[in-house]
Amino acid sequence: PLRVGTGELGSSPFNSSDFPNRVAPNLAGIRVMIERLFGSCLTALTAELKKSDAANVGIVAIDDFKSAFKAASTASSAALDQKLVADFITKHSTSSGKINYFTLLDAVGKALEEDDKRLAEVLNLLTGKCEKTAIPKLRKALAKLAPRQSCQTILKRTGGKMSPEDFAKSFSKASKDARSAEAILSEETESKEAKNAGGEIKAAICPSVLSSDFAKLGLECQEMVKLGADWLHMDVMDGHFVPNLTIGAPVIAAVRKYTKACLDCHLMVSNPGQWLPDFAKAGADTFTFHLEAVEDPGKMIDMILEKGMKPGIALKPDTPAEDVFPFCDKLNHVLVMTVEPGFGGQSFMWWTMPKVAKIRVKFPSIGIQVDGGVKTHTIDACAKAGANLIVSGSGIFKAEKPGDVISIMRKSVDSAN
């Protein structure tokens with residue numbers, strides 16, 4: 001178990017004379033470390049450190065500290081940033097070659113509580129009632145609450161359940177300490193930026209054809225458009241950037257013969273520039289590439305525009321919203337992944353909604369697309385946060401009445417803008 005609450009941040013659980021050169025931890029550095037150490041890795045680290053601290057005084061030799069990090073990384077299958085470890089040792093070691101790891105655990109414990117409270121407040125905003133006039137304030141508040149732990153860690157800890165009641169069962173203290181949606185909104189000041197965040201944005205419902213019957217793909221695409229779909233979302237995977245292998249430009253060309261609707265191509269590939277000519281020739285309307293897959297996003301955007309397609313940039317769940325800001329002025333849309341790309345059967349990551357809100361507040365008129373686990377019970381969260389381009393695969397194609405689902409999703413986006 002973690003030692004939590006032994007004193008103010010940086011305080012020691014023993015007499016300072018025992019550790020004269022102790023240095024209070026740097027909070028910014030701790031927060032970066034938290035992202036690497038959450039969950040099973042932190043538990044493993046604690047167990048390893050205690051092996052070298054039989055007296056349980058919180059002091060171990062630097063070499064033992066390094067060994068504990070290495071062992072914890074192996075035990076939890078988590079990558080630990082070695083530079084971060086080295087920096088921590090430099091800041092918090094004594095002249096005698098010792099280090100106080102209780103200082104680290106206390107700081108991480110406090111930050112764990114703070115981050116869980118932040119998660120609870122995100123959930124309160126997404127599930128609470130909110131008048132349309134208060135949506136700009138909600139987005140501004142939501143943008144400030146992005147959790148610091150990894151999305152997969154949150155998924156494992158919460159089970160992905162989007163219910164305050166379910167969350168409270170596992171995180172009772174965080175739920176109790178968290179502000180209500182009403183309290184959060186009452187504390188949020190109105191501003192020109194917030195008002196702009198509620199500007200007019202048009203909904204587009206984008207059924208993902210990966211969930212269709214490929215034996216009659218053309219006909220299914222026609223049926224979706226007839227039922228009210230605006231775009232047809234085409235998931236392109238190369239088996240390298242993501243582990244699955246799906247469709248390419250020949251399928252885009254084949255579908256184009258059946259419809260004039262927007263063919264929205266999301267390339268989960270390692271070298272998107274390689275496929276630009278083929279997709280332009282095939283009739284793709286949009287070309288969305290992953291920010292993580294290219295070295296020069298600006299150049300890629302220019303190449304897409306030169307081919308007559310609308311450019312989009314996709315962000316994996318853990319890629320910060322700020323990374324796409326330098327390119328937004330030239331983009332048609334930003335795609336925020338709400339599951340890890342390339343993997344099926346995942347739960348909707350509602351904790352990615354602050355990222356959507358952050359982009360909407362900063363760029364009021366840009367298209368914001370969400371993709372992954374978006375269904376009738378999660379669409380309201382997406383719409384509140386600021387998404388207007390809604391991708392849904394099984395949520396639409398596998399529904400008993402796909403047309404009704406499309407209507408529900410459109411109404412949700414329209415009611416939030």
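I looked up the contact between helix 6 and helix 16 in this predicted model. On the helix 6 side I found Arg139, Lys140, Leu142 and Ala143. Their partners in helix 16 are Met353, Pro354, Ala357, Lys358, Arg360 and Val361. Sorted by class, I have six nonpolar and four charged residues in this contact, and no polar ones.

Next I checked the geometry of the pair. The axes of helix 6 (residues 135–143) and helix 16 (residues 353–362) come within 7 Å, and I note a crossing at roughly 120°. I therefore enter helix 6 as oblique to helix 16. The crossing is left-handed.

I then turned to the sheet. I read an open sheet of eight strands, ordered 3-10-9-8-7-6-5-4, with parallel pairing. Strand 3 (204–207) and strand 4 (231–237) are the edge strands, each pairing on one side only. For the twist I noted an average turn of 20° between neighbouring strands, direction ignored.

Within the sheet I followed one pair. Strand 8 (residues 333–337) runs parallel to strand 9 (residues 367–371), and I list five bridges between them. Opposite Val334 I found Ile368 of strand 9.

Last, I looked at which helices lie on the strands. Helix 16 packs on the sheet and touches strand 7, strand 8 and strand 9. I recorded about 170° between the direction of helix 16 and that of strand 9. Helix 15 (residues 297–306) lies across strand 6 (286–290) and strand 7 (310–315); against strand 7, helix 15 runs at about 145°. My entry for helix 16 thus has two parts: contact with helix 6 and packing on the sheet.

Notes
Residues numbered from 1 in each chain as written. Predicted model: local features only at pLDDT ≥ 70, side-chain atom pairs only at ≥ 80, totals over all residues. Heavy atoms only, no water. Axes fitted to C-alpha atoms, helices over the stretch in contact; angles between N-to-C directions. Helix = DSSP H or I, 4+ residues; strand = E, 2+ residues; numbered from the N terminus. Parallel < 35°, antiparallel > 145°, perpendicular 65-115°, else oblique. Left-handed = near helix turned anticlockwise from the far one by under 90°. Contact = heavy atoms within 4.5 Å. Nonpolar A, V, L, I, M, F, W, Y, C, P; charged D, E, K, R; others polar. Pairing = 2+ DSSP bridges.
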